[in-house]
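User: Please take a close look at one part of this structure, the open sheet in chain A. I would like its strand order, its edges and its pairing explained in plain terms.

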Amino acid sequence: MADVEIDCLTVQFGSFTAVKDVSLQIRQGEFFSFLGPSGCGKTTILRTISGFQDPTNGAVRIGGQDMSGIGPNQRPTALIFQNLALFPLMTVFENIGYGLRVRGVPKANRDRKVDELLHLTALSDQGHKKIEELSGGQKQRVAIARALAVEPKVLLLDEPLSALDLKLRQYMRNELRAIQRRVGVTFIYITHDQGEALTMSDRIAVMNRGKIEQVGNGRDVYEYPQTSFVASFVGENNGFSGTITKISGDQAEIETSVGRLVGLNKKSLVVGAKAILFIRPEAMQCGAQGENNLSGIAADAAYEGMTTHLTMKVHDGSSIIATLTGAPALEFPPQGSSVSFAFATRDALILPV
Amino acid sequence: MLSSAGHPFIFILPFIAIVIFWVMAKFEPKPVGVTQKSFFERNGVPVAIYLIVAVTFWSLFMIVLPQLFMVEMSFRPKLPQIEIGGPKDLYTFENYHYFIYGSTTISDAINWVHIKAFFLTIFASLLIAIFNLALCYPLAFYMAQVAPAARVRFFLLLLIAPYWVNEILRAFALRIMLSSNGLINKILIGSGVVDQPVDFIGNDIALYAGLGYAYMLLMIFSLYNTIETLDHAQIEAARDLGAPWWHIHTFIVIPFIKPGVASGCTLVFMLSAGSLAAPLVLSGPRSLWFTPIVYDRFNQAFNWPQGAAYALILLIACVTFVLFVLRLGRLSLGEIAK
């Protein structure tokens, strides 16, 4: 059953269209992410769901009920702000209990509920503290507890991890996912960080310029991108643009500035169409000969322990990256010498421009 | 004690103060374990000396000394020029005695006229401060949290522009507007709301309106500055958690802006209680405001010591009252200066 339904949603600010005709269904209990670069309209969608932004066109339905004309304080949603927006003059306990106090829940019930949430978010002994006395991760958990206190049907999170340092961010990813599994509330998560989206989400909507490019789980958007934007935005990718010259079965040949390359033609493009061939760095082989071959000058080898990123400059000036697992870094020819990369046709995707 | 004995002490004060500041700078307490340069090393000797001397002279000659002279003068008797410094020039409480009993020596009757004016001034100033707060809060909130930047600039201009006109002129303009054949009365009579002109001046309405308007800008700015520092996301967070608008104002906004409220109210209260132009121009024949009485001590009665005593009573009463209210609101002076 769809918990949140977005129906032909359009939001305009003056002459600028932030969200263009988006339709989407988010299931009950799902961890759903909107992934996109800044300015793609993902925050606008979130604010429309929470009620802070009125749609120009279209509707938002939560649990089957149309939300138009219902203010943010009447909706079954709770929003976690990018800067958390905790109340600095209240203690942790008062912060978490605020939503219940507003609803006139008797003090005894309220205290019990807050204690439960403190326990759930591993803050049991922090209740009496002021917000400024907490660490970044603790503040994060207070914000989650405060939002969960009002028992929302949908929890909306607006890039809540972006202010944390890398280690804590990775820890909080697991924490958020664990809390979501425990409470079973629908989470709608906004991020520009593909790592966050891929690791936490059940499904991801990749957005660009106010439109949804693709909806699917992490594997779908990474391995089977439907558009060239998704292919280049989610994960690293090498792209070669050109014109399709030959079709054979589910494969197509594309004429690019680095030569003729062959890849899978899943979008049924026809001869003469402008297209881009994408090949993941990890699907590249270095020094070998294969179905598709590229040659150029070795530019850089970045050794990261488990993987090594090799950069090759081709004759038109563009760079191609190959990621190798293991320790072949030593085999990489010295900078400036000629080198060749190869890749298999089944690993390359040809998508329209 | 012969009152002339006070003068040498007052003149030595600046030099004592310089020495004290010098010693403070020299033996400045330093955080333990931190190697920090001394005040003189940090600023260089010439700048350090300039700072010490300039701050001393500024604070003493502009602030402390004039007040001390007033305090000293308030304890002196009113004497003809020739007897000043003579054997009759002794420190005395007669000026304060006059405020309470209406006579420098006899204690039979209470000086109700002055005492009533004094308490009325304090009370009315308090009401003006509260009224100003109620009037300015919505506007300040709108400007600080709701309005787009361009409109805020326009509003600020509209608010500041009237204050380019000097206070006396504004007071007279208000008097003309509110007089019995002024614009307001003409409109009221013309529209049939009243059939007799309303006596705005005799009923002190003009006075309160004038005083309320005179210092409104200080209230607006105090509130605007603190409301502006409130993160708008806090208001949205409260709304998102289900709070109705009154709950957000009562429990999120107002606790946050308490220092701004205190500083705005303090300013308006103090300045209203000490205001002279508006009461002189706008008060009616029966009005009792304390500052014109003080003014009369100096200029009409030509009794400077008594004027000094009256001014001091007002000052001490106002400061005490403000400190008491701050205490009630659990605020320190440092917070309202933020």
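Analyst: What follows deals with the sheet, then with the domains of chain A and the contact between the chains. The model is predicted, and local features need pLDDT of at least 70, side-chain atom pairs count only at pLDDT 80 or more, while totals for chains, interfaces and linings use all residues. Residues are numbered from 1 along each chain as its sequence is written, and chains are lettered from A and ligands numbered from 1 in the order in which they are written.

The open sheet of chain A has 6 strands in the order S6-S7-S8-S3-S9-S10, and its pairing is mixed. Strands here are DSSP runs of E with at least two residues, helices are runs of H or I with at least four, and both are numbered from the N terminus. Two strands pair if DSSP finds at least two bridges between them. Strand S6 (77-80) and strand S10 (211-216) of chain A are the edge strands, each pairing on one side only. On average, neighbouring strands of this sheet are turned by 20° against each other, direction ignored; axes are lines fitted to C-alpha atoms, for helices over the stretch in contact, and angles run from 0 to 180 degrees between N-to-C directions.

At one edge, strand S9 (residues 203-208) of chain A runs antiparallel to S10(A), joined by 5 bridges. Asn208(A) has Lys211(A) in S10(A) as its bridge partner.

Chain A is assigned domain 1 (2-228) and domain 2 (252-352), with bounds from an automatic or database domain assignment. The centres of these two domains, taken over C-alpha atoms, are 39 Å apart.

Chain A also touches chain B, with 16 residues from chain A and 15 residues from chain B in the contact. Two residues are in contact if their C-beta atoms, placed from the backbone, lie within 7 Å.
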